[in-house]
Amino acid sequence: NEEKCIPELISRLRKVLDAERNAGRIGKHELIFVNDDSTDASEIVLRNHAVGRDDIRIINMSRTFGVSVCALAGMEHSSGGLVVYMDADLQDPPELIPELIRVWRSEPEVGVVHTVRTDRAGESWIKLLITRIGYYILRTTSSTDLRVESGDFKLLSRTVVNHLVQLKEKKPFLRGLVCWVGFKQKWVKYARAPRFSGRTKFPVLGRKVIFNFLDTALISFSDAPLRIATVAGILTSIVALSYITWILIEKFRGHNIPGWSAIMVAVLFLGGAQLLCVGLQGLYISSIFQETKR
């Protein structure tokens, strides 16, 4: 649903890429637009701008799948030696693409050139704070190095793209996968602009953002929730055993309510044992989870 942004986006992309081609830095280009089941005139606008030029490809999704799935669909249908993926709202400037290409050329074997936002115009301090907290949680609980303020605007080599599309994850967290595949990675800093037109599709406290973080980012790239269950089970068992010991001591000293000691010992022993078993199961589930993701 970016009908108002698409004409400006195409104009700026063509201007940048035509200049790169004329300067001999690239051969040719294709603009692949993944239409995530839009309900506005986005597809019509794209088809109109494709007339007279042979550079626009349109992929129409059968329903709404989300950003990461659509980006991977675009990569799967791409043919270039380099792939740049970005949102269509023009917060990420197409004019930065030549710098991404330059950085890629500057050092051999670079697989990924990330962009890192030094400023985010038009976004509230609440959104920026929550974003930082989210990245902190992911960096703390995951072994994958996720750079803060590095979003969905990157240059990838064909080798990296081929590896990404082979993963076939049902709920991909693309920002994490790009880092996880490895290869030499570089970063370019830039100031992010406000949206060119329209309203954000991802309000900071919206359902899509929250569930994307919990169900895709956190679960896919961290087994911390399972390990928390394990630690909680062990700690609870230790506390339960300590409390059982105290209850038995008090019973033999005669400081107890009749019947209460036996009930509490049974409840704490069984509760601690159950939590410990759940925690141990969590370790096995974590291993199974990693294996099934391949």
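R192 is buried in this predicted model. Its relative accessible area is 8%, which falls under the 20% limit for burial. The residue belongs to strand β6. R192 also pairs in space with a residue distant in sequence: T118 is 74 residues away along the chain, yet the two C-alpha atoms are separated by 7.4 Å.

Strand β6 spans residues 184–192. A second buried residue of this strand is Q185. The relative accessible area of Q185 is 13%, so Q185 too is under the 20% cut-off. The side chain of Q185 makes polar contacts with backbone oxygens. One is to G182, where the side chain of Q185 reaches the backbone oxygen at 2.8 Å. Another involves V178, whose backbone oxygen lies 3.1 Å from a polar atom of the Q185 side chain. Beyond its neighbours within four places in sequence, Q185 is in contact with V112, H114, V178 and C179. V178 therefore appears both in this contact list and as a polar partner through its backbone oxygen, within the 3.5 Å limit.

The loop leading into β6 holds a backbone feature of note. F183 lies between α7 (174–180) and β6 (184–192). Its phi is positive, at about 70°, although F183 is not a glycine. The relative accessibility of F183 is 42%, so this residue counts as partly exposed. The value sits between the limits of 20% for buried and 50% for exposed.

D37 shows a positive phi as well. The angle is near 55°, again in a residue other than glycine. D37 is placed in the loop between β1 (31–35) and α2 (42–50). With 36% relative accessibility, D37 is likewise partly exposed. Both positive-phi residues, D37 and F183, thus occupy loops and are classed as partly exposed.

Helix α4 covers residues 97–106. Its buried residues are I97, L100, I101 and V103. Viewed down the axis of α4, these buried residues fall within an arc of 160°, so they line one face of the helix. An α-helix has 3.6 residues a turn, so residues three or four places apart point the same way.

Definitions and conventions. Residues are numbered from 1 along each chain as its sequence is written. This is a predicted model: local features need pLDDT of at least 70, side-chain atom pairs count only at pLDDT 80 or more; totals for chains, interfaces and linings use all residues. Side-chain values use heavy atoms; hydrogens and water are left out. Buried means under 20% relative accessible area, exposed over 50%, partly exposed in between (1.4 Å probe, protein chains only). Helices (H or I, at least four residues) and strands (E, at least two) are DSSP runs, numbered from the N terminus. The arc is that of the directions from the helix axis to the C-beta atoms. A polar contact is a pair of N or O atoms within 3.5 Å; within protein, one must be able to donate a hydrogen and the other to accept it, and residues adjacent in sequence count only if both atoms are side-chain atoms. Contact means heavy atoms within 4.5 Å.
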